[in-house]
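Welcome! Take a moment to turn the model around on your screen, and then let us walk through it together.

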Amino acid sequence: QVLWSPPYLSRLWCVFELAAYRKANPSGKITLTPLYVEQLLTMMIVGLYVVLGCYWVANVVNLSGFTSFVVYVVAMIPACIPLHLMRRNLEKSKHKLLSMPGLRWCTW
């Protein structure tokens, strides 16, 4: 499994590693895993901590009724930012991957 990023194949050592692996193991499978997966996970974790922090504060202060609802809605706004960034990043990364010439893509 190879963590792939746009400049990956521009480095001679990386190309050499792929060629050496292919030479040593001609029938071996090379799987390219885009690096954006880790970035998306980090964004999700940060968004979750923001929402949980606001939920915790609302419970400690013992807010009730409409005030509690407003705190939860305000807490969800920062959580939507990572979701939007993930969606935009996924679309850009998908376009980059599909524009690479000469690679065969398998579907899961």
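The paragraphs below go from the overall layout to the core, and then out to the surface.

Before anything else, keep in mind that this is a predicted model. The chain has a mean pLDDT of 77, with 90% of its residues at 70 or more. Confidence varies between the elements: helix α1 has the highest value, a mean of 87, while strand β2, residues 32–34, has the lowest, at 74.

Now for the layout. The chain holds three helices and two strands, and if you follow the sequence from its start you meet them in the order β-α-β-α-α. How much of the contact network links residues that lie 24 or more positions apart? Counting the contacts with a separation of 6 or more, such pairs account for 65%. One pair to look for is M44 and M86: they are 42 residues apart along the chain, yet their C-alpha atoms are separated by 8.4 Å.

Next, look inside. Of the 108 residues in the chain, 21% are buried. In soluble globular proteins, nonpolar side chains tend to be buried together. Here the largest nonpolar core has six residues: V2, W4, Y8, C14, L18 and L97. Strand β1 (2–4) and helix α1 (12–24) each contribute at least two of the residues in this core. L18 is a good place to pause. Which residues does L18 touch, leaving out those up to four places away in sequence? They are V2, Y8, L9 and I30, and V2 and Y8 are also members of the core.

Finally, come out to the surface. The chain exposes about 8600 Å², and 70% of that area comes from carbon and sulfur atoms. One spot to find is a nonpolar surface patch formed by F66, F69, V70, V73 and V74, which together have about 480 Å² of accessible area. V70, one of these residues, sits in helix α3, which covers residues 66–98. Is V70 buried, partly exposed or exposed? Its relative accessibility is 34%, so V70 counts as partly exposed. M44, which you met earlier, belongs to helix α2, residues 36–60. With a relative accessible area of 48%, M44 is partly exposed as well; the cut-off for exposed is over 50%, so M44 does not reach it.

Terms used: Residues are numbered from 1 along each chain as its sequence is written. This is a predicted model: local features need pLDDT of at least 70, side-chain atom pairs count only at pLDDT 80 or more; totals for chains, interfaces and linings use all residues. Side-chain values use heavy atoms; hydrogens and water are left out. Patches are made of residues with over 30% relative accessible area and no salt bridge: like charges are joined within 9 Å, nonpolar side chains (Val, Leu, Ile, Met, Phe, Trp, Tyr) within 5 Å. Accessible areas come from the Shrake-Rupley method with a 1.4 Å probe; for residues, only the protein chains shown count as cover. A salt bridge is a side-chain nitrogen of Lys or Arg within 4 Å of a carboxyl oxygen of Asp or Glu. Helices (H or I, at least four residues) and strands (E, at least two) are DSSP runs, numbered from the N terminus. Buried means under 20% relative accessible area, exposed over 50%, partly exposed in between (1.4 Å probe, protein chains only). A nonpolar core is a set of buried Ala, Val, Leu, Ile, Met, Phe, Trp, Tyr and Cys residues joined through side-chain atoms within 4.5 Å. Contact means heavy atoms within 4.5 Å. pLDDT is the predictor's confidence in each residue, from 0 to 100.
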